Amino acid sequence: LFSEEGDMARQHIEVLQSFPFSVDKLYGFLAVHENLSVIFPAKIKRVKDGQNGVNGVGSTRRMTLAPGVILEETVTKAETNEVIEYTISKGGWPVKNHYGVMRFYSAENGCRLHYTIDFDSALPGTGWVVKKALEAPIRAGLKKLAARGL
């Protein structure tokens with residue numbers, strides 16, 4: 001039916017990036033919702049505080065990607081200096097079943113981030129387009145962050 005292999009399949013983005021600073025500095029920076037505008041080409045604002053800390057579990061950020069293109073992501077797990085997990089909680093069509101994970105690791109001369117995003121597309125044939133649109137700015141933003149510092 002579809003010529004693009006994997007069009008109907010779950011999409012997976014995986015980015016590994018090294019940073020020349022400590023895990024606690026990187027985690028502290030990326031845990032703040034508004035700082036994610038370094039990675040995503042969007043206006044980002046925290047709209048709901050978390051249960052244990054403003055950016056912790058239950059906190060929600062609103063991302064305005066373009067006029068009228070707005071989605072919200074909610075943190076589902078936050079373990080300081082280890083992991084942040086989140087999902088799209090409102091909007092985001094055609095993305096569905098979205099699950100993002102940032103894992104933080106200490107490394108020699110700094111730290112590493114293992115960032116994965118998995119999602120399905122509600123619109124057949126578009127998953128790979130959404131994947132490319134997400135993956136490129138994430139990779140570029142993380143490289144820029146590693147180069148310029150916090």
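N81 comes out as partly exposed in this predicted model, with a relative accessible area of 27%. That figure falls between the 20% and 50% cut-offs, so N81 gets neither the buried nor the exposed label. As for where it sits, N81 belongs to the loop that runs between β4 (69-79) and β5. Its backbone is worth a look too: phi of N81 is near 65°, a positive value in a residue that is not glycine.

N109 tells a related story. Phi of N109 is near 65°, again positive in a residue other than glycine. This asparagine is also a loop residue, placed between β6 and β7 (110-121). On the solvent side, N109 has a relative accessible area of 68%, and it counts as exposed because that value is over 50%.

Another backbone feature turns up at W93 and P94. The peptide bond joining these two residues is cis, with omega at about 10°. P94 itself lies in the loop between β5 (83-91) and β6 (95-107).

Then there is S59, which sits in the loop between β2 (43-48) and β3 (60-66). Despite being a loop residue, S59 has 0% relative accessibility and is therefore buried, the cut-off being under 20%. Leaving out residues up to four places away in sequence, S59 touches H33, R46, K48, D49, G50, V54, E73, T74 and V75. Among these partners, R46 and K48 fall within the residue range of β2, while E73, T74 and V75 fall within that of β4. There is a polar link as well: the side chain of S59 reaches the backbone oxygen of N55 at 3.2 Å. V23, by comparison, is a long way off in the model, with 21 Å between its C-alpha and that of S59; along the sequence, the two residues are 36 apart.

Back toward the start of the chain, Q17 is part of strand β1, which covers residues 11-19. Q17 shows 14% relative accessibility, so it counts as buried, being under the 20% limit. What does Q17 touch, not counting residues up to four places away in sequence? The partners are C111, R112, L113, L142, K143 and A146. Of these, C111, R112 and L113 carry numbers that place them in β7, so the contacts of Q17, taken as heavy atoms within 4.5 Å, link β1 with β7.

How values were computed. Residues are numbered from 1 along each chain as its sequence is written. This is a predicted model: local features need pLDDT of at least 70, side-chain atom pairs count only at pLDDT 80 or more; totals for chains, interfaces and linings use all residues. Side-chain values use heavy atoms; hydrogens and water are left out. Helices (H or I, at least four residues) and strands (E, at least two) are DSSP runs, numbered from the N terminus. Buried means under 20% relative accessible area, exposed over 50%, partly exposed in between (1.4 Å probe, protein chains only). A polar contact is a pair of N or O atoms within 3.5 Å; within protein, one must be able to donate a hydrogen and the other to accept it, and residues adjacent in sequence count only if both atoms are side-chain atoms.
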